[in-house]
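These are my notebook entries on a structure that I went through by region. I set down each look-up in the order in which I made it.

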Amino acid sequence: MPYPPGPKPLPVIGNVFDMPRSKSSLTFTKWRSLYGPLTWVVTSGRPFLIINDYEMVKELFEKRGSIYINRPRHIMAGELIGIDKGTPLTQYGPVWRQHRRFLNRVLLASVVKRDYGPMMARKTIAFLKTLLDRPDDFLLENRRLLGEIITDIAYGAHKDDEDGGHDYIQMQVDMGIITFKTVQGYWVEFFPWMKHIPAWFPFAQWKRDALRWNKEYNQTRDYLFESVKKKFVSGNKFCAVLTRSQLDYKGDENLANDEQVIKHAGFSFYRGKPSSPCYSMNYFLLAMTLFPEAQARAHAEVVAFIGQDRFPSVEDRGADKMPYLEATILESLRWNPPAGSGVPHLPVVDDFFQGYFIPKGTTVLQNAWQIGRDTRYYANPTSFQPERFLKPDEKQSRLIFNPDVLNPWDWAFGFGRRICPGRDLAMQGAWVSAVFVLWAFEIKPKFGRTMANGYKTTDEERFDFGFLA
Ligand code: HEM
């Protein structure tokens, strides 16, 4: 059986030069028009399958979810730095299942609302005050707000006074920088024998960097975990994901193993997770600036429901209460999905699909950006229209969600058993930020800029399409 169609490979190196180094979603979308919904590319013997079709992704990642369940091995990020001990890169198997059990328990929608919602609201109120005083620092403060929320959830604090003091947010930024640098496409990913090159070897700066980053990464992870343990042992029962699982812990046979799972899953939660909600909030605000009619409608709904005499609260959330606000958040997720070029799933056995052969270990990527732009699901996809998700109820008295329109909740957080475990937390966070900002402020272009003057004109130009938007 043949492989799916794709660009013609060169001898030995295959499609190395066809594989995009940036804005991958756009190249993947172009491939759809050239080769159809499935595109096959091979770089140095490593096969990739790009899927540009929602139904096909659903079929493979959900219906055949027990097959498409693995992640790729990364030599730089994984084997050399150790990032593959975190949940997203953990290979399929019993350790990954333990990670998921732990994360699913502490990230359940009801737990998110009850335990983290009020803290998110408190911090967002402080954020509004900062915005009022220093609106120009908005991007930085937004990053800090989300960093604090995630860090407080994971470790119950965002700084300490040990040995002259630690700023957990700064440590998180440093970890983010390491992660970012390690996925930049080192040659060692294409030529794995290079990992044996010794660090003293001339031109092996990348190997020396790897050793240094490995040390920093392990030290930070162990420090944060041990600091929570210390507080827990001394009876400090603050709200922290790690503490919670220690509290839930019964018996001690597997303590050592449980500790490893909590340490690594908790660290992957802390390490990467402000970035996606942060980007989605930034793009939400960009949408509010570029589409003032949508903002005015969402603002009017928020003010009518909450009034001016009290702050919003997590109890106000619900499509039955403020449907347009919910739709605005979902439209923002569709307009620029944070994981636009998808997160790879690898089949654990050979598979056959639509007359094509997909060997075990193929890196399969779903182009989420294309799904959000697919005119079969979304008419006029470049335009920001929250109302596309809504329709009047039978009595024509209020707006309800239209079940016939594909909800970005069903694809922007991935698929199948690898689906994002933090999606309820992400949506809760997005809602809290959106409701508070819309309730308190009007978002406008700086110094009277307009769409025609001061903003890039197409989404292709204005979005950066990184691994995470
Ligand atoms: C707007 C915010 C977010 C978006 C769009 C997003 C999206 C995604 C996507 C697309 C995946 C890959 C799913 C797949 O392989 O099919 C993923 C995985 C993951 N996400 Fe998120 N995410 C967000 C926020 C969060 C948050 C807040 C957390 C943690 C609290 C989180 C934790 C994870 C973890 C641990 C994985 C790996 C799961 C695994 O490999 O089993 N995410 N996310």
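Entry 1, surroundings of Ile443. I listed the contacts of Ile443 in this predicted model, leaving out residues up to four places away in sequence, and found Leu285, Met288, Thr289, Gln295, Val437 and Leu438. I then placed Ile443 in the chain: the residue belongs to the loop between α16 and α17 (459-462). Is Ile443 buried or exposed? I read a relative accessible area of 15% for Ile443; the residue counts as buried because this value is under 20%. I also checked one separation along the chain: Ile443 and Asp309 are 134 residues apart in sequence, and their C-alpha atoms are separated by 21 Å.

Entry 2, helices α13 and α16. I next examined α13 (residues 292-306) against α16, whose axes come within 9 Å and cross at roughly 90°. I therefore recorded α13 as roughly perpendicular to α16. Which residues make the contact between α13 and α16? On the α13 side I noted Gln295, Ala298, His299, Val302 and Ile306, and on the α16 side Val435, Leu438 and Trp439. By class, I found six nonpolar residues, two polar ones and no charged ones in this contact. Two of these names, Gln295 and Leu438, had come up in the contact list of Ile443.

Entry 3, the iron site. Which residue is the protein donor of the iron atom of the ligand? I found Cys420 as the only one, with its SG atom at 2.3 Å. I located Cys420 in the loop between β11 (399-401) and α16 (423-440).

Entry 4, the sheet of three strands. I traced an open sheet in the order β1-β2-β9, with mixed pairing. Why is one side of β1 (38-43) and of β9 (363-366) left without a neighbour in the sheet? I noted that both strands stand at the edges, so each has a single partner strand. Averaged over the sheet, with direction ignored, I obtained a turn of 20° between neighbouring strands. I also registered helix α1 (residues 24-35), which packs on the sheet and touches β1, β2 and β9. The direction of α1 makes about 115° with that of β1.

Entry 5, pairing within the sheet. I found β1 and β2 (residues 46-51) running antiparallel, joined by six bridges. Within this pair, I saw Val42 opposite Pro47 of β2. The hairpin of β1 and β2 has two residues between the strands, and I noted a positive phi near 45° at Ser44. For β2 and β9 I recorded four bridges in the parallel sense; here Leu49 has Val364 in β9 as its bridge partner. I also checked the cover of β2, where five of the six residues are buried.

Entry 6, Thr363. I closed with Thr363, a residue of strand β9. With a relative accessible area of 3%, Thr363 is buried. Which residues does Thr363 touch, not counting those up to four places away in sequence? I listed Arg46, Pro47, Phe48 and Leu49 among them, and further along the chain Pro72, Pro344, His345 and Leu346.

Conventions
Residues are numbered from 1 along each chain as its sequence is written. This is a predicted model: local features need pLDDT of at least 70, side-chain atom pairs count only at pLDDT 80 or more; totals for chains, interfaces and linings use all residues. Side-chain values use heavy atoms; hydrogens and water are left out. Donors are N, O and S atoms within 2.8 Å of the metal (3.2 Å for Na, K and Ca); water is not among the atoms, so sites may look incomplete. Two strands pair if DSSP finds at least two bridges between them. Axes are lines fitted to C-alpha atoms, for helices over the stretch in contact, and angles run from 0 to 180 degrees between N-to-C directions. Contact means heavy atoms within 4.5 Å. Buried means under 20% relative accessible area, exposed over 50%, partly exposed in between (1.4 Å probe, protein chains only). Angles under 35 degrees count as roughly parallel, over 145 as roughly antiparallel, 65 to 115 as roughly perpendicular and the rest as oblique. Ala, Val, Leu, Ile, Met, Phe, Trp, Tyr, Cys and Pro count as nonpolar, Asp, Glu, Lys and Arg as charged, and the others, Gly among them, as polar.
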